[in-house]
Amino acid sequence: LVDVEPSDLKLGGCASVIGIAGGTIESDNATVNIPEGALQQPETIAVGEVIDELPESINKATGYEVSQIVAFTPYNQIFYESVEISLPINGLITMYY
């Protein structure tokens, strides 16, 4: 686990206010499906590609070279039901052995 200061990340993506009835947020890089009951009050949920260049310690923390990173905000959001996150396979991770 790498400790990152979340305020240093800039997002290019989309945001929606999602209520207790649930909803979906879609960007070019990810889709988040939030079911009914996952939130206790309306929240602005955002998803988007991280467009800042990351420090080498983060970029190599997984053992893989990372070409795209997707972030979800607000950070530390608590969901009371399971949330489905969909990411496209092509172009997100290039593995080097």
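A nonpolar core is a set of buried Ala, Val, Leu, Ile, Met, Phe, Trp, Tyr and Cys residues joined through side-chain atoms within 4.5 Å. I start with that term since I will use it in a minute. The model you see above is a predicted one.

First, the overall layout. The protein chain has one helix and eight strands. Reading from the N terminus, the order of the elements is β-β-β-β-α-β-β-β-β. The protein chain has 97 residues, and 22% of them count as buried. The chain exposes about 6,800 Å², with carbon and sulfur atoms supplying 50% of that area. Now take the contacts in the protein chain with a separation of 6 or more: 64% of them join residues 24 or more positions apart.

Next, the core. Which residues make up the largest nonpolar core? There are 10 residues in all: Ile18, Ile25, Ala30, Val32, Ile34, Ala38, Leu39, Ile45, Val47 and Val70. At least two residues of this core come from S3, and at least two come from strand S4, which spans 43–50. As general background, nonpolar side chains tend to be buried together in soluble globular proteins.

Look at one core member, Ile18. Setting aside neighbours within four places in sequence, Ile18 is in contact with Gly23, Thr24, Ile25, Ile34, Leu39, Gln41, Pro42, Glu43 and Ile45. Some of those names were also in the core list, including Ile25, Ile34, Leu39 and Ile45.

Now the sheet. An open sheet of three strands is ordered S2-S3-S7, and the pairing is antiparallel. S2 and S7 are the edge strands, each pairing on one side only. On average, neighbouring strands of this sheet are turned by 10 degrees against each other, direction ignored. Between S2 and S3 the antiparallel pairing runs over four bridges. Within that pair, Ile25 stands opposite Val32 in S3. Both Ile25 and Val32 belong to the core I listed.

Between these two strands there is a loop. Ser27 lies in this loop, after strand S2 (23–26) and before strand S3 (31–34). Is Ser27 buried or exposed? Ser27 counts as buried because its relative accessible area is 18%, and the cut-off for buried is under 20%. Not counting residues up to four places away in sequence, Ser27 touches Cys14, Val47 and Gly48.

Over to strand S4, where Ala46 is placed. Ala46 has 12% relative accessibility, so Ala46 counts as buried too. Ala46 also gives an example of residues distant in sequence being brought together in space: Ala46 and Thr73 are 27 residues apart in sequence, and their C-alpha atoms are 5.1 Å apart.

Thr73 leads to my last stop. The peptide bond from Thr73 to Pro74 is cis, with omega near 10 degrees. Pro74 sits in the loop between strand S6 (70–73) and strand S7 (84–86). Asn76 is placed in that loop as well, between S6 and S7. What is phi of Asn76 near? The value is near 65 degrees, which is positive, in a residue other than glycine. For background, most residues other than glycine have a negative phi, and most peptide bonds are trans.

One more value for Asn76: its relative accessible area is 75%. The cut-off for exposed is over 50%, so Asn76 is exposed. That leaves two loop residues to compare on the model: Ser27 is buried, whereas Asn76 is exposed.

Terms used
Residues numbered from 1 in each chain as written. Predicted model: local features only at pLDDT ≥ 70, side-chain atom pairs only at ≥ 80, totals over all residues. Heavy atoms only, no water. Buried < 20%, exposed > 50% of the residue type's maximum accessible area, 1.4 Å probe, protein only. Contact = heavy atoms within 4.5 Å. Areas by Shrake-Rupley, 256 points an atom, 1.4 Å probe, with all protein chains shown as cover. Pairing = 2+ DSSP bridges. Axes fitted to C-alpha atoms, helices over the stretch in contact; angles between N-to-C directions.
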